[in-house]
Amino acid sequence: MAAAMITDLTRTTAAAVGSALSRARSREGAATVGVLTLVVSVSERSAAAALECAGEAARAHPCRILLVISRAPAGATRLDASIHTAGPREHVTLRLYGSLGEHADSVVLPLLLPDTPVVLWWPGESPDNLGASVLGRLAGRRITDAAASADPLGALARRAAGYSPGDTDFAWSRITPWRATLAAALDNGFDPVRSIEVSGASGNPSVPLLGAWLSNRLGAPVVIRTSRGPGITGVVLRSDHAEIALTRPDGRRASLERSGSPARLVALARRTDAQCLAEELRRLDPDEPYAESVAAVGKVSRAKARKRS
Amino acid sequence: MTIAPIESSNPLRDPRDKRLPRISGPCGLVIFGVTGDLARKKLMPAVYDLANRGLLPPGFALTGFARRDWADQDFTQVVHDSVKEHARTPFREDVWDQLAAGCRFVPGDFADDEAFDNLVRTIQDLDRVRGTDGNHAFYLSIPPKFFGPVLGQLKRSGLSAGDSTSWRRVVVEKPFGHNLASARDLNRVLDEVFTPESVFRIDHYLGKETVQNLLALRFANTLFEPVWNRGYVDHVQITMAEDIGIGGRAGYYDGIGAARDVLQNHLLQLLALTAMEEPVSFQADALRTEKLKVLGAIKLPADLGSGSSFGVYDKGWQGGELVRGYAEEEGIPNSSRTETYAAVRLEVDTRRWAGVPFYLRTGKRLGRRVSEIAVVFQRAPHLPFTTTATEELGQNALVIRVQPDEGVTVRFGSKVPGTAMEVRDVNMDFAYGEAFTERSPEAYERLILDVLLGDPPLFPSSQEIDLSWQVVDPLTTYWAGRRPQKYPAGSWGPQSAYDMLAREGRMWRRP
């Protein structure tokens with residue numbers, strides 16, 4: 001692998017960053033590569049972790065990574081940039097000082113790869129209405145992580161309220177293996193499901209989201225039970241005479257039990273953020289099943305509240 | 001080209017839900033010949049990779065059958081080692097545990113009724129304790145001469161027949177016979193034991209991914225199709241070159257040769273995919289219909305002497321190493337006339353391709369390992385430049401690289417920077433590996449998954465095999481009375497192959 005080349009620019013402009021990027025590229029003799037631009041809107045504190053995760057996902061999807069960090073909103077306006085290129089990979093860390101943070105799109109727009117999709121990722125806190133936000137407007141795909149927010153369930157509710165096509169959340173990508181295993185379990189036919197039970201750690205947004213999806217698709221009521229976790233610990237689907245139970249107490253191995261059949265072991269390890277991000281980058285069209293499920297989460301939570309009272 | 005989703009009765013399946021992979025229902029895989037290289041290096045690692053990607057059903061069972069005095073745990077250890085060494089995806093304990101719990105071994109000989117009865121019991125036991133529900137696939141990873149005995153045993157023991165709610169499938173690898181007659185014999189045996197849709201024929205040189213890439217390139221774009229015909233194409237070269245010799249496979253290779261080993265299946269399939277009309281859908285049978293039309297329209301040269309070439313590698317320096325000739329390889333008799341290089345000029349008698357030659361070549365111990373389709377275009381009808389300006393301009397070409405570094409190269413003329421007008425050939429390159437570094441699944445992963453899902457494979461049907469032998473049989477018959485021309489190892493084939501193109505004012509690309 002080529003050694004990383006780092007160019008630091010202070011008090012600069014997007015145009016200067018753009019030409020520094022092409023200079024770095026031609027010095028390395030490599031053409032610009034990448035099938036998309038990944039813009040990461042992140043705080044200084046989480047930047048390193050987010051970059052590592054994005055870098056891992058970029059191994060599966062060559063992309064230009066733009067890390068946007070807003071700092072000192074009350075101070076003087078200034079743009080600092082740090083450009084890293086290494087072989088086919090490149091990322092630019094952009095630090096926006098002062099009121100420039102409110103106009104981040106003006107910095108990002110000239111640096112997007114031409115004629116390729118733009119993906120926005122908020123690893124931590126995110127604006128309420130993603131599609132209408134300054135950076136979100138530039139992107140066809142907007143990825144959030146409700147679980148990383150201070151109030152995960154509240155964040156999920158805001159996702160539903162401010163949804164626009166192209167939004168998606170890690171709470172949804174984390175449950176793909178669960179959904180796949182459950183869907184496969186019903187492939188061979190099962191009587192109509194009468195009731196659903198989903199158990200998981202309290203405050204984990206994936207728990208009601210999985211419940212909402214199941215309830216939507218199966219047309220049956222769902223009961224959410226709180227367990228000690230980690231993450232989701234079990235799902236039970238009941239028909240009139242039989243049941244399917246998928247149980248994962250340790251966050252790694254699950255057991256699939258179906259009335260009349262032996263218990264089957266399933267590897268169902270919890271997903272890393274990089275795996276979730278890589279899955280999000282795989283398909284860039286609006287995710288309707290997510291939209292429908294996140295919209296139904298309110299119903300699920302209300303049912304739960306009633307049950308408690 | 002996923003098969004159009006059948007309206008599913010499963011409420012959790014939603015065609016818009018593209019995140020959900022298709023996982024096969026409960027089932028098991030039985031591999032005959034688990035001690036072979038193929039099983040160790042490809043099949044068992046592919047099974048693990050599928051499990052790791054979450055594509056195998058819970059309770060999946062893997063049964064090995066071979067002449068070894070092994071218990072289940074010995075076999076499990078063999079699988080473990082092969083997975084650790086050869087799997088594409090990282091080793092994870094939890095995935096391994098899921099797989100290991102379903103590993104079984106049945107010792108025995110293919111002639112041994114007792115062993116197959118034992119296999120029946122093993123499978124019944126798996127249905128009970130693992131819940132495989134009677135669904136089983138049999139992978140014949142064994143030399144073709146054992147196909148008959150094993151298929152006979154599967155029929156005798158009742159293993160080949162599922163009941164109304166379960167399925168049994170069989171996987172056979174190329175070669176599918178060694179000529180038209182033997183291919184038909186093999187088909188007859190397969191047809192007696194399995195229904196046509198339960199038979200999966202595999203050409204491991206031609207993965208589904210490659211076929212689909214080719215189809216996407218041709219039919220998802222508007223850029224190429226308008227020039228994909230005799231109006232613009234001068235000729236097509238299809239190459240599959242190997243740098244290795246026959247190694248330890250003398251017993252298999254001698255008497256078979258390059259034409260039967262590669263030309264009959266791989267090269268003719270690539271030709272069919274390159275030359276065919278657009279299928280009405282990408283369902284397996286629609287695709288097959290178009291391929292059959294091309295294979296049926298292939299015309300052999302009137303004079304096989306000047307229109308084909310065959311050779312055998314002599315000792316020579318290859319890649320900095322002195323390697324021995326075919327005749328000196330271990331186990332090759334002095335009298336051998338087997339060809340290790342085969343090339344032929346074919347035409348496709350259709351309106352689209354009339355008069356456009358398709359040059360096919362394959363060989364062992366050639367310059368480097370490469371497999372590609374080169375569509376070479378006609379020269380521009382008029383060049384508004386002086387002749388000195390275009391001296392170095394060749395013909396435009398579109399090259400589809402099948403392996404290694406799968407991708408597409410476009411070759412065209414470009415002005416050399418400077419004050420003088422001078423046009424020279426340049427290459428524009430696209431590599432799948434750069435645009436999508438997500439590694440393509442191994443051909444065997446796709447294949448095993450297709451078998452377990454019951455997806456109609458994109459692999460050749462018995463009719464296609466039949467038509468392919470009708471192209472190859474006249475060639476091998478013509479060569480049978482003659483001696484192959486020698487070519488030095490590490491070169492690009494015998495002189496007669498160069499002459500074949502030179503006579504028509506063309507030359508082979510150096511791939």
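Let me begin with a definition: a residue is called buried if 20 or more other C-beta atoms lie within 10 Å of its own, exposed if 12 or fewer do, and partly exposed in between, with the C-beta atoms placed from the backbone. With 13 C-beta neighbours inside 10 Å, Ala72(A) therefore counts as partly exposed.

Before going on, I should say that this is a predicted model, in which local features need pLDDT of at least 70 and side-chain atom pairs count only at pLDDT 80 or more, while totals for chains, interfaces and linings use all residues. Residues are numbered from 1 along each chain as its sequence is written, and chains are lettered from A and ligands numbered from 1 in the order in which they are written.

Let me stay with Ala72(A) for a moment. Its place is the loop between S3 and strand S4 (78-86) of chain A, where helices (H or I, at least four residues) and strands (E, at least two) are DSSP runs numbered from the N terminus. Phi of Ala72(A) is near 35°, which is a positive value in a residue other than glycine. Chain B offers another case in Asp133(B), whose phi is near 55°, again positive in a residue other than glycine. Asp133(B) sits in the loop between helix H4 (113-129) and strand S4 (136-140) of chain B, and with 20 other C-beta atoms within 10 Å it is buried. A further backbone feature is found in the loop between strand S10 (222-227) and strand S11 (232-238) of chain A, where Pro230(A) lies; a cis peptide bond with omega of about 5° joins Gly229(A) to Pro230(A).

Now to a helix in chain A. Which residues of H2(A) are buried? They are Ala50(A), Cys53(A), Ala54(A), Ala57(A) and Ala58(A). These residues cover an arc of only 145° around the axis, which puts them on the same side of H2(A); the arc is that of the directions from the helix axis to the C-beta atoms. On the other side of H2(A), Ala48(A) and Glu52(A) are exposed. It helps to recall that an α-helix has 3.6 residues a turn, so residues three or four places apart point the same way.

What do the buried residues of H2(A) pack against? Their partners are strand S2 (36-41), strand S3 (63-71), strand S5 (89-97) and helix H8 (273-282) of chain A, where two residues are in contact if their C-beta atoms, placed from the backbone, lie within 7 Å. Val40(A) has among its contacts Ala50(A) and Ala54(A), as well as Val68(A) and Trp121(A), once its neighbours within four places in sequence are left aside.

Val40(A) also appears in the largest nonpolar core, which has 207 residues, and in which Val39(A), Val40(A) and Val68(A) have the most contacts. A nonpolar core here is a set of buried Ala, Val, Leu, Ile, Met, Phe, Trp, Tyr and Cys residues joined through C-beta atoms within 7 Å. Its largest share, 11 residues, comes from helix H9 (residues 257-275) of chain B.

That brings me to how the chains meet. The contact takes 34 residues from chain A and 32 residues from chain B. On the side of chain B that touches chain A, H3(B) gives the most, with four residues. In H3(B), Val95(B), Trp96(B), Gln98(B) and Leu99(B) are buried, and they cover an arc of only 160° around the axis, which puts them on the same side of H3(B). The buried residues of H3(B) pack against strand S14 (264-267) of chain A, together with helix H1 (37-52) and strand S2 (61-66) of chain B.

Leu256(A), in strand S13 (residues 253-258) of chain A, also reaches across, since residues that it touches include Pro58(B) as well as Leu246(A) and Val266(A), not counting residues up to four places away in sequence. With 25 C-beta neighbours inside 10 Å, Leu256(A) counts as buried. Leu256(A) and Leu246(A) are 10 residues apart in sequence, but 4.5 Å apart in space, C-alpha to C-alpha.

Finally, consider chain B as a whole, with its 15 helices and 18 strands. Its C-alpha trace spans about 80 × 60 × 40 Å along its principal axes, and buried residues make up 42% of its 511 residues.
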